[in-house]
Amino acid sequence: MARQPFIAGNWKMHKTVAEAEAFVQGLLPRIYDADHCDVALCTPFTALQAVVDSTRGSRIEVYAQNMHHEAQGAFTGEVSAPMLTELDVHGVVLGHSERRQLFGETDKALQLKVPAALDAGLQVILCVGETEEEREAGDTERRLRHQVDEGLEKVPTERLGDVVIAYEPIWAIGTGQVATPEQAQEACAFVRALVGQRSKEEADRGRVLYGGSVKPDNAAELLGLPDVDGALVGGASLDVEQFEALVNAAKG
Ligand code: PEP
């Protein structure tokens with residue numbers, strides 16, 4: 001099955017509203033005809049409204065970087081799916097390793113967040129990935145199996161293909177130490193096979209991204225791998241020229 005490539009920029013805690021708007025104004029004319037791939041900007045909460053407004057009618061989709069599973073309640077500091085959809089936000093990144101490692105995000109919480117986001121009409125990018133120690137100990141597949149199985153457990157089978165899964169080895173995030181094409185292909189194929197244990201059709205339909213130190217000079221090789229349908233990009237998504245180069249690299 002032909003899957004549309006997907007390049008998603010994860011800005012993390014970068015860019016004020018003014019900086020976000022300047023980025024969008026710089027990017028829009030550069031990618032207006034890039035219909036070979038889907039493009040998303042995952043912005044801080046504070047910039048969501050501005051980026052939704054300034055990208056309206058364009059091919060850029062806007063994603064949040066986290067979400068609570070409840071629609072409302074006594075959860076200080078949290079943001080819910082209806083709050084995001086009200087802004088016309090397209091989707092949400094869930095389970096990023098920085099949220100798991102620094103803010104205590106658990107697979108159990110993700111089990112609730114993923115279906116809650118889908119039910120609200122949000123697209124989901126679910127992040128999974130092993131630490132360096134887990135890879136060295138030969139534990140990569142066990143770790144990925146646990147994260148994928150738990151994160152998708154409450155997702156109805158016919159919606160599995162709607163969840164974009166980003167394989168992001170933690171040792172490659174923000175380190176400049178990109179996975180080899182062999183490592184990326186093997187892990188992304190394994191993630192797809194895990195989904196395939198519930199539905200082969202949904203596994204063929206769903207997109208698997210690679211993330212971890214993707215840059216313009218290594219993107220084409222990674223994006224050309226059979227089970228890599230795109231990239232979740234941190235550092236290189238903060239710069240208009242680099243991000244444009246990544247979108248172009250998805251042309252194949
Ligand atoms: C990320 O934040 O998801 C990421 C992959 O970051 P970087 O591209 O900077 O490694």
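Let's start at Arg207, which sits in the loop that runs between helix H9, residues 200–205, and strand S7, residues 208–211. Keep in mind, everyone, that this is a predicted model. Is Arg207 buried or exposed? With a relative accessible area of 17%, Arg207 counts as buried, because the cut-off for that word is under 20%. And what does its side chain meet? The side chain of Arg207 makes a polar contact of 2.9 Å with the side chain of Asp38.

Arg207 also leads us to an enclosed space. The structure has two cavities of 30 Å³ or more, and Arg207 is one of the residues lining the largest. That cavity has a volume of about 60 Å³. Along with Arg207, its lining includes Leu160, Val163, Arg192 and Glu202. Strand S6 (163–167), helix H8 (181–196) and H9 are the elements that each give two or more residues to this lining. Sorted by class, you'll find six nonpolar, two polar and three charged residues there.

On to the second largest cavity, at about 40 Å³. Among the residues around it are His96, Arg100, Cys127, Gln147 and Glu168. H4 and strand S5 (123–128) each supply at least two lining residues. The split here is three nonpolar, five polar and two charged.

Please hold on to Glu168, as we'll meet this residue again at the ligand. Which residues come nearest to the ligand? Of the 14 around the ligand, they are Lys12, Glu168, Gly174, Ser213 and Gly234. By class, that shell has four nonpolar, eight polar and two charged residues.

Now for some backbone contacts. An oxygen atom of the ligand lies 2.7 Å from a backbone N or O atom of Gly174. Gly234 has a polar backbone atom 2.8 Å from a ligand oxygen, and for Gly235 the distance from a polar backbone atom to a ligand oxygen is 2.8 Å. How much of the ligand does the protein bury? Taken alone, the ligand exposes 290 Å², and 98% of that is buried by the protein.

Last stop, the largest pocket, which holds about 430 Å³ of space. It is lined by 17 residues, and closest to its centre are Lys12, Met13, Gln65, Arg99 and Phe103. You'll recognise Lys12 from the ligand's nearest residues. Helix H4, residues 97–103, gives the largest share of the pocket lining, with four residues. Overall, that lining has seven nonpolar, six polar and four charged residues.

Thanks for listening!

How values were computed: Residues numbered from 1 in each chain as written. Predicted model: local features only at pLDDT ≥ 70, side-chain atom pairs only at ≥ 80, totals over all residues. Heavy atoms only, no water. 1 Å grid on protein atoms, 1.4 Å probe; cavity = no way out; pocket = protein on both sides within 12 Å on 5 of 7 lines; lining within 4 Å. Points joined across faces, edges and corners; volume = space filled by probe spheres on them. Nonpolar A, V, L, I, M, F, W, Y, C, P; charged D, E, K, R; others polar. Near = heavy atom within 4 Å. Polar contact = N/O pair within 3.5 Å; in protein donor to acceptor, adjacent residues only side chain to side chain. Areas by Shrake-Rupley, 256 points an atom, 1.4 Å probe, with all protein chains shown as cover. Buried < 20%, exposed > 50% of the residue type's maximum accessible area, 1.4 Å probe, protein only.
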